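Q: I am new to this structure and would love a close look at how its charged side chains pair up. Could you walk me through the salt bridges?

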Amino acid sequence: MRSNAVLTLALCALCACASAPKIDYYTLGMDPSGRVDGPVNFTVERLSSTQALGRSQIMVLASPTRIDYYATDHWAGSVGELVQQKLAAEFGPPVDGRKTLVVSGKVLACEQVDRPGGTDARVKLEIVVRDAEVPRYQPPLVEKAYSSTRSVSGPHPDSVVEELSRCVEEIAAEIAADVSRL
């Protein structure tokens, strides 16, 4: 009798596993675009993110007042960590003899935006750039919100994530351009 109960429980567990949905994991494209070239080195600290971006699922702004998440499409890490890694890839490795600046901040948006005429990918970052040699209590060199929105061919996670990667590439180029004007 006991072995039948164990067998039944094992069979139920197997059936539950067989019906579990397949989860797909995504990361931003980490190949540098080559759009950033400047006279300084950048070190990117881990970026924090809003609470809405704290979930592992890819966020969808379904309307101006409603957010959804893809059920089976997840980020491979935290959004802050992925954006940090993408920015670091865009800024490239340090070059000897160059001044080093530290980039920190917060990810305010990294999402699919559904609009009446189609779908967009949007990234918004609140960025602070400081000289690595200057104490943190000194005013930063740059403190600015950067935003990039790109049209997506359709509401498919693959397309959305590709365009989110391009959004971060555009923002990295803007940050480097702002620093070069200092």
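**Salt bridges up close**

A: Happily! In this predicted model, a good place to start is lysine 22 and aspartate 24, whose side chains meet in a salt bridge with an N to O distance of 2.3 Å. Lysine 22 is exposed, at 61% relative accessibility, while aspartate 24 is partly exposed, with a relative accessible area of 26%.

This pair belongs to a wider set, as the whole structure holds 14 salt bridges. In general, side chains of opposite charge can pair when their charged atoms come close.

Next, look at arginine 122 and glutamate 111, where the closest N and O atoms of the salt bridge are 2.2 Å apart. Arginine 122 sits in strand 7 and glutamate 111 in strand 6, so their bridge ties together parts that are 11 residues apart in sequence. Glutamate 111 is buried, because its relative accessibility of 2% falls under 20%. Its partner, arginine 122, is partly exposed, with a relative accessible area of 26%.

Now move on to glutamate 170 and arginine 150, which form a salt bridge with their closest N and O atoms 2.7 Å apart. Here, too, distant parts of the chain are linked: glutamate 170 belongs to helix 3 and arginine 150 to strand 8, 20 residues apart. Arginine 150 counts as partly exposed, at 26% relative accessibility. This pair is also part of a network, in which salt bridges with shared partners join Arg150, Glu163, Arg166 and Glu170.

Note on methods
Residues numbered from 1 in each chain as written. Predicted model: local features only at pLDDT ≥ 70, side-chain atom pairs only at ≥ 80, totals over all residues. Heavy atoms only, no water. Salt bridge = Lys/Arg side-chain N within 4 Å of Asp/Glu carboxyl O. Buried < 20%, exposed > 50% of the residue type's maximum accessible area, 1.4 Å probe, protein only. Helix = DSSP H or I, 4+ residues; strand = E, 2+ residues; numbered from the N terminus.
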